[in-house]
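Student: Please take a close look at one part of this model, the charged side chains that pair with one another, and follow the chain outward from there. A connected account, with the reasoning made explicit, would be most useful.

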Amino acid sequence: MKYLFILAIGIIGVACSEEETTEEAGEKVQLTQEEFEAKIEAEDEADEALEGLTLNLGEKWKVDEGTAAGMEDVKTAVSNFDGEDHESLGKEIKDMLGDIIKGCTMKGEDHDQYHIVLKAMMKESKKLKKGKSTDIIKMQRYLDAYDAHFEV
């Protein structure tokens with residue numbers, strides 16, 4: 001009976017904790033309630049920015065090789081981000097996206113669907129560059145959407 005009481009107290013303590021657990025890069029990270037709510041809000045805003053993004057009859061859309069290479073560069077910049085200089089990251093991503101735009105040869109619905117992701121990423125890179133955003137949750141969400149919807 002004593003152990004059952006200790007177990008019940010432990011469960012209540014965990015349930016009432018002001019921290020949430022999320023998994024990032026394969027490891028669990030403790031978030032405060034405020035951080036957790038901010039993460040959910042950022043994810044919701046990212047989903048809104050991606051409104052209209054669909055698959056091509058269940059298949060991924062095609063991107064040209066230049067776009068794919070540019071997006072790989074953006075992914076690398078985000079994955080290598082040390083969490084410190086958001087303004088520099090924003091500038092770097094904005095420049096990379098500008099290069100993708102300059103070299104883009106895509107047309108049709110593939111282009112239109114990619115433009116949904118591109119527009120969201122451009123907007124977020126500007127916020128990062130201007131110091132109006134201090135996390136990369138939305139940018140990661142856009143990269144995840146890109147991976148889920150596009151291929152060469």
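Tutor: In this predicted model, Glu72 has a relative accessible area of 42% and therefore counts as partly exposed, since that class lies between the 20% limit for buried and the 50% limit for exposed. Its carboxylate is engaged in a salt bridge with Lys75, where the closest N and O atoms are 2.8 Å apart. Both residues belong to helix α3 (residues 65-79), and because they are three residues apart, about one helical turn separates them.

Lys75 has a further partner. A salt bridge also joins its side chain to that of Asp147, with an N to O distance of 2.5 Å. This second pairing ties together parts that are 72 residues apart in sequence, because Asp147 sits in helix α6 (residues 137-149) whereas Lys75 sits in helix α3. Asp147, at 31% relative accessibility, is partly exposed.

A further pair lies in helix α4. Asp95 and Lys91 form a salt bridge whose closest N and O atoms are 2.8 Å apart. The two are four residues apart in α4 (residues 86-103), so about one helical turn lies between them. Asp95 is partly exposed at 37% relative accessible area, and Lys91 is partly exposed at 43%. Returning to the earlier group, shared partners join Glu72, Lys75 and Asp147 into one network. The total number of salt bridges is five.

Asp147 leads to the helix that carries it. The end C-alpha atoms of α6 are 18 Å apart, in agreement with the 18 Å that its 13 residues should span at 1.5 Å a residue. Within α6, the buried residues are Lys138, Met139, Tyr142, Leu143, Ala145, Tyr146 and His149. These residues lie on the same side of α6, because they cover an arc of only 155° around the axis. The elements against which they pack are α2 (33-49), β3 (61-62), α3, α4, α5 and β4 (150-151).

One of these buried residues of α6 carries a side chain that deserves separate comment. Lys138 is located in helix α6 and, with a relative accessible area of 10%, is buried; the cut-off for that class is under 20%. Beyond its neighbours within four places in sequence, Lys138 contacts Ala42, Glu45, Ala46, Glu124 and Lys127.

The loop that precedes this helix can be examined through Asp135. Asp135 lies in the loop between α5 and α6 and is partly exposed, its relative accessible area being 29%. A polar atom of the Asp135 side chain is 3.2 Å from the backbone nitrogen of Ile137. When residues up to four places away in sequence are set aside, Asp135 touches His86, Glu124 and Leu128. Glu124 is thus a contact of Asp135 and also of Lys138. The C-alpha atom of Asp135 is 9.1 Å from that of Lys39, although 96 residues separate the two along the chain.

The helix on the other side of that loop is α5, and Ser125 provides a view of it. Ser125 is placed in α5 (residues 108-129) and is buried, because its relative accessibility is 0%. Its side chain makes a polar approach within the chain, reaching the backbone oxygen of Met122 at 2.8 Å. Apart from neighbours within four places in sequence, the contacts of Ser125 are Gly90, Ile93, Lys94, Leu97 and Met139. Among them, Met139 is one of the buried residues of α6.

Leu97, another contact of Ser125, leads to the nonpolar interior. The largest nonpolar core contains 31 residues, of which Leu97, Tyr114 and Met121 touch the most other members. Each of α3, α4, α5 and α6 supplies at least two residues of this core, and α5 contributes the largest share, with eight residues. Outside its neighbours within four places in sequence, Leu97 is in contact with Met71, Val74, Leu118, Met121, Met122 and Ser125.

Taken together, the path runs from the network of Glu72, Lys75 and Asp147, through the buried residues of α6 that pack against elements including α3, α4 and α5, to a core to which α3, α4, α5 and α6 each supply at least two residues.

Conventions
Residues numbered from 1 in each chain as written. Predicted model: local features only at pLDDT ≥ 70, side-chain atom pairs only at ≥ 80, totals over all residues. Heavy atoms only, no water. Buried < 20%, exposed > 50% of the residue type's maximum accessible area, 1.4 Å probe, protein only. Polar contact = N/O pair within 3.5 Å; in protein donor to acceptor, adjacent residues only side chain to side chain. Contact = heavy atoms within 4.5 Å. Salt bridge = Lys/Arg side-chain N within 4 Å of Asp/Glu carboxyl O. Expected span 1.5 Å × (residues − 1). Arc of directions from axis to C-beta. Core = buried A, V, L, I, M, F, W, Y, C linked by side-chain atoms within 4.5 Å.
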